[in-house]
Amino acid sequence: MIDAISTSGPGLTLRLAVGTIFLLYATYIYIQRRKDYDADRLFGEKHGCMPLKRRLPYKWPLALDAFKRQYDALVAGNLLAFQSEYFEETQVGQTFEVKLLGRVGYFTLDPQNLEAILSTNFEDWGLGSRREGLYPMIGEGIFTQDGHQWKHSRELLRRQFVRIQYQDVKVFETPINSLLAALSSQTGVIDLQPEFFRFTLATTTSLIFGEPFAGLTPKDHEVFEENFDYCALIGAMRLRLANFCWLYNPSKFKQACAEVKKYATYYVNHALKDQEENGEEEAADRHPFILDLYKELRDPILVRDQLMNVLIAGRDTTACLMSWTFYLLVRHPTSLERLQQEIHSIATNGQNVTRAQIAKMPYLKCVLNETNRLYTQIPVNVREATKTTYIPRGGGPDGQSPVLIRKGFGIGFSPYHMHRSKDIYGEDANEFRPERWEGPQLKNIGFGFMPFHGGPRLCLGKDFALTEASYGIVRILQTFPNLRLGPDEPKVQSGQEKQTLTIVVASADGCKVLLS
Ligand code: HEM
């Protein structure tokens, strides 16, 4: 009886219809995929693409062993050093395939490939999972956008940075005076690193928020600082989880994001109120960044988010650059002395330092280049192909042919490891030698040196960051001419020290020095 019902009548017709639709749909998907695949193959042939032979080896299913080793190295504070050894030991070369947790992706350290991704074929690539990872903290802005939205944000913010470029170094003056006062009040071995994080938070917030907001208490600023640090830490973990970032969204993170946004909202509202009460021209003197963005965006939340995007891009990066610079200088007294002599010959002690004076300090520029090379902020990064494209090198038996990258596939790249490549920088690539930037050898290095990336997404804050770091370093060395390495501080080969890796790379043991 049951058989009779299920093999005849309207039930059967319905099932047959559903089955047919499913079959047609599956056939359609198959044909579509086949067509895409054939089109991609033809595209690859046209560009001379060859298969990528080198793969990162693994033993356990889903490459869980490779995943675990990297996680252990991250916790131990030596992930970047571990990767250097791992790439060398497994002889994967400069470009290789990675299959982690069942997903195929690529990794490259080749300057030619980086130029193609970031510049020549820029339109073929997007940020991938970065948006999802950072969205809860910084929302809609230049650091989370692609395509038209990004172009609009870039144009808007570029105007701000052009304006700043013509300003003097006044924006750094109050924060550096606070930093110098804080250092002078301490004795014995002092860790400069946390002071630099405080300094760059003050400079970047003063750049974007404008005049300090009197309505907030020191406690409010402190709470903001704590929440911002926490959000940046969790944000970095989410970035590492890429498409799985939704797995890590603790409630403390949500709460901290809300607090950080609340703080930025105070400033936006304060600037808008100032404009309402005192007129556009007068208020724009006090809050140029906010009010110019508002003129275009007409939405306080969008303005707030853009500010948060600039803050995340600009704060930790410059703090780490300054911290690593001193970390290296105190371990290389000859370089430190040469820099001190250069500063002394151009900016007399006690005088305010100007942009023009900084421009006359070539050795300082070499020191910053060398620090940016060895300790590249944003050491590792990712892009995802928004359409089928290729990278110029890595394929074929000799690794010299282009490689096809199909739409939706991701590629990781590491300026940190590339900057330590002996092929580019010679046998002493791991050593701090600012003099290497004096000769003509590295003049046309192109994408072989890219701490600020290159192409259309080149760091907008490059000039601000280099001026800030230069100004800060000069003022500190003028004030503390006896600055030197603290006793018992480790002196290991560059890259072997313990590191804290978030979006940026910091020294896990700080930057401990003696000032007098
Ligand atoms: C040593 C300091 C700095 C380094 C090494 C650095 C490095 C970078 C890099 C590598 C990018 C490209 C990221 C990507 O496209 O995936 C970037 C983007 C950006 N940086 Fe910086 N940065 C520094 C300081 C700053 C400062 C101080 C600011 C602002 C005050 C800033 C603002 C930005 C902005 C707005 C972007 C986004 C550009 C875009 O996507 O079009 N940066 N930075």
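# Questions on a predicted model

Me: How far apart are the end C-alpha atoms of residues 12-31?
Reply: Over residues 12-31 the chain is 100% helix and 0% strand, where helices (H or I, at least four residues) and strands (E, at least two) are DSSP runs, numbered from the N terminus. The distance between the end C-alpha atoms of this stretch is 28 Å.

Me: What does UniProt list for residues 12-31?
Reply: This is a predicted model, in which local features need pLDDT of at least 70 and side-chain atom pairs count only at pLDDT 80 or more, while totals for chains, interfaces and linings use all residues. Residues are numbered from 1 along each chain as its sequence is written, and UniProt positions are given in that numbering, with shortened feature names and annotations that may be inferred rather than shown by experiment. For residues 12-31, the unreviewed UniProt entry lists "transmembrane region".

Me: What radius of gyration does the chain have, set against that of a compact globule?
Reply: The radius is taken over C-alpha atoms, and the globule rule is 2.2 Å times the number of residues to the power 0.38. With 516 residues, this rule gives a value near 24 Å, which agrees with the radius of gyration of the chain, 26 Å.

Me: Which helix supplies the largest share of the shell around the ligand?
Reply: The ligand has 24 residues around it, with Ala-313, Gly-314, Thr-317, Cys-459 and Gly-461 coming nearest; a residue is near if its C-beta atom, placed from the backbone, lies within 6 Å. Helices H7 (147-165), H9 (192-209), H14 (300-331) and H20 (462-479) each give at least two residues to this shell. The largest share, 6 residues, comes from H14.

Me: How many residues of the shell around the ligand are charged?
Reply: Ala, Val, Leu, Ile, Met, Phe, Trp, Tyr, Cys and Pro count as nonpolar, Asp, Glu, Lys and Arg as charged, and the others, Gly among them, as polar. On that division the shell has 14 nonpolar and 8 polar residues, and the number of charged ones is 2.

Me: Which helix supplies the largest share of the side of domain 1 that touches domain 2?
Reply: Domain bounds, which come from an automatic or database assignment, give domain 1 (50-126 + 393-413) and domain 2 (128-379 + 427-515). Between them, 15 residues of domain 1 are in contact with 20 residues of domain 2, contact meaning C-beta atoms, placed from the backbone, within 7 Å. On the domain 1 side, helices H4 (79-89) and H5 (111-120) each supply at least two residues, and the largest share, 5 residues, comes from H5.

Me: Why do E4 and E9 each have one side without a neighbour in the sheet?
Reply: The open sheet has 3 strands in the order E4-E12-E9, with antiparallel pairing, two strands being paired if DSSP finds at least two bridges between them. E4 pairs with E12 (residues 512-514) over 2 bridges, and Ile-190 stands opposite Val-513 in E12. E4 (190-191) and E9 (484-485) have one side free because they stand at the edges, each with a single partner strand.

Me: Which residue in the turn between E1 and E2 has a positive phi?
Reply: E1 (residues 95-100) and E2 pair in the antiparallel sense over 6 bridges, and Lys-99 has Val-104 in E2 as its bridge partner. These strands form a hairpin with 2 residues between them, and the turn residue with a positive phi, about 50 degrees, is Leu-101.

Definitions and conventions: Two residues are in contact if their C-beta atoms, placed from the backbone, lie within 7 Å.
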